[in-house]
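Visitor: Could you take me through this model, one question at a time?

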Amino acid sequence: MTPSSGASRFENLKLTALINAYSAINIPLLAFVTPRIMELSETRSVVRIRLDRRTRNHLKVMYFGALAMGAELSIALKAIDAIGKSGKKIDFIFKDFQAEFLKRADGHVHFICDQVPGVQELINLAVSGTERHHRTFEGYAVVADNKAAPDAAHASDKIVMKYRLTLSVKQRAP
């Protein structure tokens, strides 16, 4: 993976600030773990949650709740972005959550969703009508070695969790 451009880093910092500010008011538990947006492109989203006093359990690995929040945000991030750009009032919620824990998350964790185009398509469906739409998305989490977003080619041996969430969206009736 090539390093992010300056403009992209600025956009990621802006998104991080927006998510954390919104969370401080509406989802305080998410704000408590202070997620950081590492990447949001047309094909991929990457969210990082640091392993620290707030996110680790008694075994000094990332707590299940923090892992769940990172997984949820990696998918919700594109939905938030697409809804904002649509100008419509669209509500979304996660209908179900499945996770497979493969290794202990003993460092900062990057949550990666490579199905971002599908999230955009789902929001586009919601924009076109008032019916509820659902779709299941998959992602995975890796322990990060450095501050850069992990390269997918080298991430497979560091995968700590695989997850599936069903995103449900609906445009509010006028």
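**Helix H4 and the sheet**

Visitor: Which residues of H4 are buried?
Guide: The model is a predicted one. Buried here means under 20% relative accessible area. In H4, the residues that meet this are Val 116, Gly 118, Val 119, Leu 122, Ile 123 and Ala 126.

Visitor: Within what arc do the buried residues of H4 fall, seen down its axis?
Guide: An α-helix has 3.6 residues a turn, so residues three or four places apart point the same way. The buried residues of H4 line one face of the helix, because seen down the axis they fall within an arc of 160°.

Visitor: What span is expected for H4 at 1.5 Å a residue?
Guide: H4 has twelve residues. From its first C-alpha to its last it reaches 17 Å, which is close to the expected 16 Å.

Visitor: At about what angle does H4 run to E5?
Guide: Helix H4 covers residues 116-127 and lies across E2, E3, E4, E5 and E6. Those strands, together with H3, are included in what covers its buried residues. To E5, H4 runs at about 155°.

Visitor: Which are the edge strands of the sheet?
Guide: Six strands form an open sheet, in the order E1-E2-E4-E5-E6-E3, with antiparallel pairing. An edge strand pairs on one side only, and this holds for strand E1 (36-40) and strand E3 (90-101).

Visitor: Which residue in E5 stands opposite His 110?
Guide: Strand E4 (residues 109-113) and strand E5 (residues 133-143) run antiparallel and are joined by four bridges. Opposite His 110, in E5, stands Val 142.

Definitions and conventions
Residues are numbered from 1 along each chain as its sequence is written. This is a predicted model: local features need pLDDT of at least 70, side-chain atom pairs count only at pLDDT 80 or more; totals for chains, interfaces and linings use all residues. Side-chain values use heavy atoms; hydrogens and water are left out. Two strands pair if DSSP finds at least two bridges between them. Helices (H or I, at least four residues) and strands (E, at least two) are DSSP runs, numbered from the N terminus. Contact means heavy atoms within 4.5 Å. Axes are lines fitted to C-alpha atoms, for helices over the stretch in contact, and angles run from 0 to 180 degrees between N-to-C directions. The expected span of a helix is 1.5 Å times one less than its number of residues. Buried means under 20% relative accessible area, exposed over 50%, partly exposed in between (1.4 Å probe, protein chains only). The arc is that of the directions from the helix axis to the C-beta atoms.
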